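User: Please explain how the labels used for this structure are justified. I should like each term set against its cut-off.

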Amino acid sequence: MTRRRTPRTSVIRLTTGRTARTLLHPYGHREPVLALDFGAACVLVTTAGPVTAEDLTFARQLARETARYARSVERSFRALGDREVAPKRRAA
């Protein structure tokens with residue numbers, strides 16, 4: 001992974017839950033669209049036009065990091081064992 005050339009100015013945190021899902025729209029006549037749907041917010045990932053080598057590189061990086069994320073979540077879930085995790089309560 002390369003270093004960022006410009007600093008981040010903001011971060012958006014979207015957490016998973018019952019309504020979170022991913023959808024792939026593999027259009028045959030245009031570029032595919034990956035939707036990350038969080039209920040109140042939806043993020044669409046697509047290319048700027050005809051697919052380029054850079055788009056393919058990004059898609060492979062996204063797949064690799066997504067697989068790593070899934071393995072990390074699986075490890076965390078297995079570490080819980082049979083214990084049920086209570087949801088966090090908001091401070092009043």
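Analyst: A salt bridge is a side-chain nitrogen of Lys or Arg within 4 Å of a carboxyl oxygen of Asp or Glu. The structure holds 2 salt bridges. This is a predicted model, in which local features need pLDDT of at least 70 and side-chain atom pairs count only at pLDDT 80 or more, while totals for chains, interfaces and linings use all residues. Residues are numbered from 1 along each chain as its sequence is written, and side-chain values use heavy atoms, with hydrogens and water left out.

User: Why is the contact of R21 and D37 called a salt bridge?

Analyst: The N to O distance between these side chains is 3.5 Å, and the limit is within 4 Å, so the term applies. R21 belongs to strand 1 and D37 to strand 2, 16 residues apart; strands (E, at least two residues) and helices (H or I, at least four) are DSSP runs numbered from the N terminus.

User: What makes D37 buried or exposed?

Analyst: Buried means under 20% relative accessible area, exposed over 50%, and partly exposed in between (1.4 Å probe, protein chains only). D37 has 15% relative accessibility and therefore counts as buried, whereas R21, at 46%, is partly exposed.

User: How do you know that E65 and R68 form a salt bridge?

Analyst: Their closest N and O atoms are 3.0 Å apart, which satisfies the limit, so this pair also qualifies. Both residues lie in helix 1 (residues 53-80), 3 residues apart, about one turn of the helix. E65 has a relative accessible area of 32% and so is partly exposed; R68, at 47%, is likewise partly exposed.
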